[in-house]
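Student: I would like to go through this structure with you. Can we take the terms one by one and test each against the model?

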Amino acid sequence: MADQVTIGLIQASHDVHGDEPVKVHKEKAIEKHIKLVQEAKDRGAQIICLQEIFYGPYFCAEQNTKWYDAAEEIPNGPTTKRFQELAKQLGVVIVLPIYEREGIATYYNTAAVIDADGTYLGKYRKQHIPHVGVGNEGCGFWEKFYFKPGNLGYSVFDTAFAKIGVYICYDRHFPEGARILGLKGAEIVFNPSATVAGLSEYLWKLEQPAHAVANGYYVAAINRVGYEAPWNMGEFYGQSYLVDPRGNFVAMGSRDKDEVVIGVMDKKMIREVRDTWQFYRDRRPETYNEMTALLP
């Protein structure tokens, strides 16, 4: 593998009103994102990540069983298969965050990882599920209505270009999983998100650079843009970025535009930073047992 790898992060608005049928949302969003993936490839991207539940609105703003129809099996659902074909055609790795159904009616917030030859490598299921209100109109991040907590652990996927981990949105507030991904060999961790101003924006450029520094890897943070009707619970403020193991922003997107953010990761920097700081050498895991034993 080459030391330098070009990363493409896709942030986009969702253009369909929430009252429209689920099928319309998915068709329009998939069409839009295929074009953005192709643009990322044209600009040199080798690994491309889309935003959280990319093929629809952030429907967790409300609690409505209508949205269960958006869920698909992974890898046997149509969207995963379609993007496997696209990845093979373009020769790119794709991190594909979609709403997963397992069995009859078990649901997860999931990202499929597809290698550059179209091979399905596996999936990550969001571990930490929020359930908090936003604003005064009954809107919120009502995710426990839609998703079970992930049960597949913190996997690292050995792709054609880099060893990658995935964290999804709210996971970013929890350092424990971020450390496990580093211990398992991740060179870059992708965090596809859907987050609005007024709640966590002040943390957006703090937490994930801190994960990158503490764990000696790159972090790619992706956020959608715009307002989504009829909820209009807040502005999805974009600013998707790639940050290096020293905490420096390599590339950052705008606040309000559909955009492909391109940045280059350098694996030599990962080695240099880890040789300098030796956080993994100096860990004391034998002293951390209290962390899992203590009550909340």
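**Pockets, sheets and cavities**

Tutor: Start with the largest pocket, which is lined by Pro-175, Glu-176, Arg-179, Ile-180, Leu-183, Arg-283, Pro-285, Tyr-288 and Met-291. Keep in mind that this is a predicted model.

Student: What makes these residues the lining of the largest pocket?

Tutor: A lining residue has an atom within 4 Å of a grid point of the pocket. Pro-175 and Met-291 are among the residues that line this one. The volume of the largest pocket is about 270 Å³.

Student: Which element gives the largest share of that lining?

Tutor: Helix α3, residues 175-183, with 5 residues.

Student: How does the lining of the largest pocket divide into nonpolar, polar and charged?

Tutor: There are 6 nonpolar residues, no polar ones and 3 charged. Tyr and Pro count as nonpolar, and Arg and Glu as charged.

Student: What is the volume of the second largest pocket, and which residues line it?

Tutor: The space in it is about 170 Å³. Its lining includes Pro-130, Val-132, Phe-141, Glu-143, Cys-169 and Tyr-170. Arg-172, His-173, Ala-194, Thr-195, Leu-199 and Ser-200 also belong to the lining. By class, the second pocket has 7 nonpolar, 3 polar and 2 charged residues.

Student: How many cavities of 30 Å³ or more are there, and what makes a cavity a cavity?

Tutor: The structure holds 4 of that volume or more. In a cavity, a 1.4 Å probe fits but cannot get out, whereas a pocket is open. The largest cavity has about 50 Å³. Among its lining residues are Tyr-167, Arg-172, Ala-178, Val-189 and Asn-191. Gln-208, His-211, Tyr-217 and Val-219 line it too. Two elements, β10 and α5, give two or more residues to that lining.

Student: How does the lining of the largest cavity divide by class?

Tutor: It has 5 nonpolar residues, 3 polar and 1 charged.

Student: Now the strands. Why are β8 and β15 said to stand at the edges?

Tutor: Take the strand order of their open sheet: β8-β9-β10-β11-β14-β15, with mixed pairing. β8 (156-158) and β15 (249-252) each have a single partner strand, so one side of each lacks a neighbour in the sheet. From one strand to the next, the twist averages 20°.

Student: How do you know that β8 and β9 pair?

Tutor: Pairing needs at least two bridges between the strands. β8 and β9 (residues 163-166) are joined by 3 bridges and run antiparallel. Val-156 stands opposite Gly-165 in β9. The two strands form a hairpin, with 4 residues between them.

Student: What makes the pairing in this sheet mixed?

Tutor: Compare the senses of the pairs. β9 and β10 are parallel, over 3 bridges. Gly-165 has Val-189 in β10 as its bridge partner. β14 (residues 241-243) and β15, in contrast, pair in the antiparallel sense over 3 bridges. There, Val-243 has Phe-249 in β15 as its bridge partner. Parallel and antiparallel pairs both occur, and the pairing is called mixed.

Student: Which helix packs on this sheet, and what counts as touching?

Tutor: Helix α5, residues 207-215. Contact takes heavy atoms within 4.5 Å. α5 touches β10 (188-193), β11 (218-223), β14 and β15, and makes about 30° with the direction of β14.

Student: What is the strand order of the other open sheet, β5 to β16?

Tutor: The order is β5-β4-β3-β2-β1-β16, again 6 strands with mixed pairing. β5 (120-125) and β16 (259-266) are its edges, because each has a single partner strand. Neighbouring strands here are turned by 30° against each other on average, direction ignored.

Student: How do you know that β4 and β5 pair?

Tutor: The threshold is at least two bridges. β4 (residues 106-114) and β5 have 5, and run antiparallel. Ile-114 has Tyr-120 in β5 as its bridge partner. Helix α2 (residues 78-90) packs on this sheet, touching β3, β4 and β5, at about 170° to β3.

Student: Last one. Why does the chain agree with a compact globule?

Tutor: For 296 residues, the rule gives a radius of gyration near 19 Å; the chain has 18 Å, which agrees. Its C-alpha trace spans about 55 × 50 × 35 Å along the principal axes.

Technical notes: Residues numbered from 1 in each chain as written. Predicted model: local features only at pLDDT ≥ 70, side-chain atom pairs only at ≥ 80, totals over all residues. Heavy atoms only, no water. 1 Å grid on protein atoms, 1.4 Å probe; cavity = no way out; pocket = protein on both sides within 12 Å on 5 of 7 lines; lining within 4 Å. Points joined across faces, edges and corners; volume = space filled by probe spheres on them. Axes fitted to C-alpha atoms, helices over the stretch in contact; angles between N-to-C directions. Rg over C-alpha atoms; globule rule 2.2 N^0.38 Å.
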